[in-house]
Amino acid sequence: MAKRKRNAAPKPSTPEPVVTGPALVNSPEEARELLRRVSARKKRKVVYTEEQLGEDELDATGQTQEDTGFESPLTELDDEPPVAEAPKKKRTRRKKNTEPVVYDIPPVETKTTSFKGRLGYACLNTVLRAMKPEPVFCSRTLRIDTILKPEFGMDYCKELGRRNAEDLARLIEWNEQNHIRFLRVSSEMFPFASHDKYGYTLEYAEKELKAAGDLAKKYGHRLTTHPGQFTQLGSPRDVVVDAAIRDLEYHCSMFRYMGLDQDSVMIIHMGGMFGDKQATIERFKEVYRTRLTDEMRARLVLENDEMCYNADDLLPVCEELYIPIVFDYHHNWIFPSEIPISKLIERINAIWHRKGIKPKQHLSSPCPGAETVMEKRKHADRCYELPPELPDDMDLMIEAKDKEQAVFHLYRIYDLHPVIHENLRPEKPAKPFPRMVKEEAAAAGTDSPSTRRARKRTKLEEAPDTLEVLETGVAEEPKDVEDTADLDEVVGTEDANAGTSTKPIKNPRKKAPKRKRVKLEVEESESVDVEDLAVVLPVVAAAAEEVATAAAAKPKRARKKKAAAAAIDS
């Protein structure tokens with residue numbers, strides 16, 4: 001029987017009032033304003049009157065008997081004169097301290113040397129970088145995600161490069177005032193200029209680059225570059241070699257627009273060994289001969305590294321192809337050459353002089369307390385002495401974290417040049433390695449946070465695996481095999497139907513997936529022996545197949561029962 005639909009009774013609408021008589025307004029706007037001010041509610045008029053009380057209703061004080069004994073604080077406040085509120089104090093901003101900061105610079109132990117060459121630093125000036133409000137540096141960069149945003153795009157990317165080129169001239173001027181005439185230019189001067197998709201030429205910044213180059217030539221400064229570790233000409237992958245050649249072309253174009261001579265070189269490493277050092281060297285030779293331009297070959301130099309290629313590995317290649325070598329003292333200390341340093345430098349300088357380029361070397365110091373190779377690779381904040389094998393007329397690049405402060409430190413130690421005291425900064429204490437922190441915590445009987453986390457991870461890894469099978473093939477103390485154990489998880493055997501093996505659960509923190517459990521009755525013992533597996537497994541497989549068949553047949557039986565009931569009703 002169909003249900004009747006109930007319809008709600010319509011709400012009575014209020015009839016619109018009929019206005020008669022002369023017009024009260026002259027425009028629709030005045031009519032809407034009048035309607036807003038008119039209220040539909042009726043107003044009641046309240047009239048207040050004063051009553052004269054009799055003498056019997058008043059007490060001796062003139063108050064009513066009802067008010068006697070009731071003291072209202074509001075009444076007392078009304079009788080007192082109002083208290084004037086104190087004016088609120090205006091919040092004033094803290095005045096900025098405009099006085100120059102005076103640093104405490106400790107004295108240094110002086111030494112003597114016959115060195116007369118130039119000392120330089122790499123890429124960044126810490127004093128100019130900390131200037132406010134406009135810092136001076138040449139490594140402004142961005143991400144590709146920023147380039148893809150409509151409000152930024154390639155115009156913003158190029159503008160960063162132009163500003164970097166402008167600051168390069170300011171950096172050269174500051175170096176001249178502080179007697180530093182050797183500088184490594186940042187490879188990030190023009191972000192993504194060598195990218196295969198977002199790359200661009202440097203013609204738009206020709207004016208800024210020429211100004212920086214003219215200033216460097218005017219003061220006699222030497223500018224060099226050091227492309228990144230991904231610039232590998234010996235890579236077996238063509239895409240890596242193509243990117244390396246584009247990067248070298250980008251660095252050459254910078255020097256070309258600056259108008260710098262052959263002393264402005266590009267330093268790279270041989271790179272990785274890729275499983276075969278000699279094969280990598282042969283690939284490098286082939287790329288150097290066939291794919292590099294004359295300008296690239298004129299500026300390219302190699303540097304010995306601390307992991308793969310020492311000076312002994314590079315010297316035969318460089319003497320064959322006339323490629324100068326930048327000798328790094330720190331790398332040679334970690335991965336030393338069998339040739340004595342004095343003879344090695346003599347052979348290396350012969351290549352420099354053959355190409356008409358002034359030799360240059362790298363100097364850095366390991367951090368205090370370094371023991372492992374990875375710890376020795378880290379550069380210290382400053383260098384404290386010049387190497388005894390250093391030639392007198394050599395350009396030496398100081399690769400230290402304190403940049404120009406490391407150069408000033410050597411200036412003061414060896415009295416190479418006068419320094420401006422206002423530009424000196426104190427040296428920060430060296431940070432200990434994580435190994436040293438753990439050792440100190442262990443000696444003091446306390447644990448550092450990293451030690452506690454490492455111990456926690458160790459406990460989790462050493463925890464007994466849940467339901468893990470022993471070497472005998474029997475699970476370790478299975479509980480209630482008759483009622484709840486799933487033999488596929490306990491024994492780790494293969495499923496008869498799927499043909500896949502079920503492995504023991506290795507991580508106790510991860511929950512095992514829910515599976516269909518099969519009740520199996522095992523007589524005489526609570527554990528399953530290896531000899532009985534041949535009998536037990538077919539039983540398990542048959543039971544699983546029976547359950548699956550029953551589950552698949554259940555809907556069919558329900559449909560048949562429903563059809564039979566429908567036939568009886570008809």
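Helices (H or I, at least four residues) and strands (E, at least two) are DSSP runs, numbered from the N terminus. The model is predicted, so local features need pLDDT of at least 70 and side-chain atom pairs count only at pLDDT 80 or more, while totals for chains, interfaces and linings use all residues. Residues are numbered from 1 along each chain as its sequence is written, and side-chain values use heavy atoms, leaving out hydrogens and water.

**Exercise 1. Get an overview of the chain.**

Step 1: Start with the elements; the chain has 18 helices and 8 strands.

Step 2: Look at burial, where buried means under 20% relative accessible area, exposed over 50%, and partly exposed in between (1.4 Å probe, protein chains only). Of the 570 residues, 34% count as buried.

Step 3: Turn to contacts, meaning heavy atoms within 4.5 Å. Taking the contacts with a separation of 6 or more, 73% come from residues 24 or more positions apart.

**Exercise 2. Describe the surroundings of Asp-167.**

Step 1: Find Asp-167 in helix H5, which covers residues 153-177.

Step 2: Decide whether Asp-167 is buried or exposed. Its relative accessibility is 3%, so Asp-167 counts as buried.

Step 3: List its partners. Leaving out residues up to four places away in sequence, Asp-167 touches Pro-135, Val-136, Phe-137, Cys-138 and Arg-140.

Step 4: Take one of them, Cys-138: it is 29 residues from Asp-167 in sequence, and the two are 6.0 Å apart in space, C-alpha to C-alpha.

**Exercise 3. Work out how helix H10 packs.**

Step 1: Go to residues 311-321 and pick out the buried ones: Ala-311, Asp-312, Leu-314, Leu-315, Val-317, Cys-318 and Leu-321.

Step 2: See what these buried residues pack against: helix H8 (277-290), strand E5 (300-303), strand E6 (325-328) and helix H12 (341-355).

Step 3: Move on just past H10, where Tyr-322 has a positive phi of about 60°.

**Exercise 4. Locate Val-373 and Lys-428, and say how exposed each one is.**

Step 1: Val-373 belongs to helix H13 (residues 373-377). With a relative accessible area of 41%, Val-373 is partly exposed.

Step 2: Lys-428 sits in the loop between helix H14 (404-414) and helix H15 (434-444). Lys-428 counts as exposed because its relative accessible area is 63%.
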